[in-house]
Amino acid sequence: VEIRRLLGLKSGDKILFFQNQGGEVVLSNASATAIRKAQTAFGGLAEELGVSDEEDVQALVDEVRYGKG
């Protein structure tokens, strides 16, 4: 229970196990890891696209879905 709380795991969450360079087996919340990787991959893109709030996000989604701008 303590480890689940520490990792922020809820029922049904996926866990990621990997071995680091020192040979230790590391356990992490797979969802949190995926989010961090996405944040890193898309870092700075919001600023480039001029997205600063939810309205900007919705406008971008509408543009992609419906070709509206």
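This is a short talk on a predicted model, taking in its strands, a nonpolar surface patch and its helices.

Hi everyone, thanks for coming. Please keep in mind throughout that we are looking at a prediction.

Let's begin on the surface. Which residues form the nonpolar patch? They are Ile3, Ile15, Phe17, Val25 and Leu27, and together they have about 490 Å² of accessible area. Two strands feed into this patch: strand 1, residues 15-19, and strand 2, residues 25-29, each supply at least two of its residues.

Let's walk along the end of strand 2, starting with Leu27, which lies in that strand. Leu27 has a relative accessibility of 30%, so it counts as partly exposed.

Move on to Ser28, again in strand 2. Is Ser28 buried or exposed? Its relative accessibility is 11%, and because the limit for buried is under 20%, Ser28 counts as buried. What is Ser28 in contact with, once we leave aside its neighbours within four places in sequence? The list is Leu7, Lys14, Ile15, Leu16, Phe18 and Thr33. Ile15 in that list is also one of the patch residues we met a moment ago.

Next comes Asn29, my favourite stop on this tour. Asn29 has its place in strand 2, and with a relative accessible area of 9% it is buried. Setting aside neighbours within four places in sequence, Asn29 is in contact with Leu7, Gly8, Leu9, Asp13 and Lys14. Leu7 and Lys14 appear for Asn29, and they also appear for Ser28. The Asn29 side chain reaches the backbone oxygen of Gly8 at 3.5 Å. A polar atom of that side chain also lies 3.0 Å from the backbone nitrogen of Ser31.

That contact with Ser31 takes us into the helices. It sits at the start of helix 2, where the atom that Asn29 brings to within 3.0 Å of the Ser31 nitrogen is a side-chain oxygen. Helix 2 covers residues 30-41, twelve in number, and spans 16 Å from first C-alpha to last, close to the 16 Å expected at 1.5 Å a residue.

Leaving helix 2, we come to the loop before helix 3 (45-49), and there we find Gly43. Gly43 is exposed, with a relative accessible area of 53%. From Gly43 to Gln58, C-alpha to C-alpha, there are 19 Å in space and 15 residues in sequence.

Now for helix 4. It runs over residues 54-66, has 13 residues, and reaches 18 Å between its first and last C-alpha, close to the 18 Å expected at 1.5 Å a residue. Which residue caps its N-terminal end? That is Asp53, with a side-chain oxygen 3.2 Å from the backbone nitrogen of Glu55. Just after the helix, Gly67 takes a positive phi of about 70 degrees.

Two residues of helix 4 deserve a look: Glu54 and Glu55. Glu54 counts as exposed at 72% relative accessibility. Glu55 is exposed too, with a relative accessible area of 66%.

How far apart in space are Glu55 and Asn29? Their C-alpha atoms are 30 Å apart, with these positions 26 residues apart in sequence numbering. Glu54 and Leu16 are 38 residues apart along the chain, and 31 Å separates their C-alpha atoms.

To wrap up, here are the places I would click on in the viewer. Look at the nonpolar patch, including Phe17 and Val25. Then look at buried Asn29, with its side chain reaching to the start of helix 2. Finish with Asp53 capping helix 4 and Gly67 just after that helix.

Thanks for listening!

Terms used: Residues are numbered from 1 along each chain as its sequence is written. This is a predicted model: local features need pLDDT of at least 70, side-chain atom pairs count only at pLDDT 80 or more; totals for chains, interfaces and linings use all residues. Side-chain values use heavy atoms; hydrogens and water are left out. Patches are made of residues with over 30% relative accessible area and no salt bridge: like charges are joined within 9 Å, nonpolar side chains (Val, Leu, Ile, Met, Phe, Trp, Tyr) within 5 Å. Accessible areas come from the Shrake-Rupley method with a 1.4 Å probe; for residues, only the protein chains shown count as cover. A salt bridge is a side-chain nitrogen of Lys or Arg within 4 Å of a carboxyl oxygen of Asp or Glu. Helices (H or I, at least four residues) and strands (E, at least two) are DSSP runs, numbered from the N terminus. Buried means under 20% relative accessible area, exposed over 50%, partly exposed in between (1.4 Å probe, protein chains only). Contact means heavy atoms within 4.5 Å. The expected span of a helix is 1.5 Å times one less than its number of residues. A polar contact is a pair of N or O atoms within 3.5 Å; within protein, one must be able to donate a hydrogen and the other to accept it, and residues adjacent in sequence count only if both atoms are side-chain atoms.
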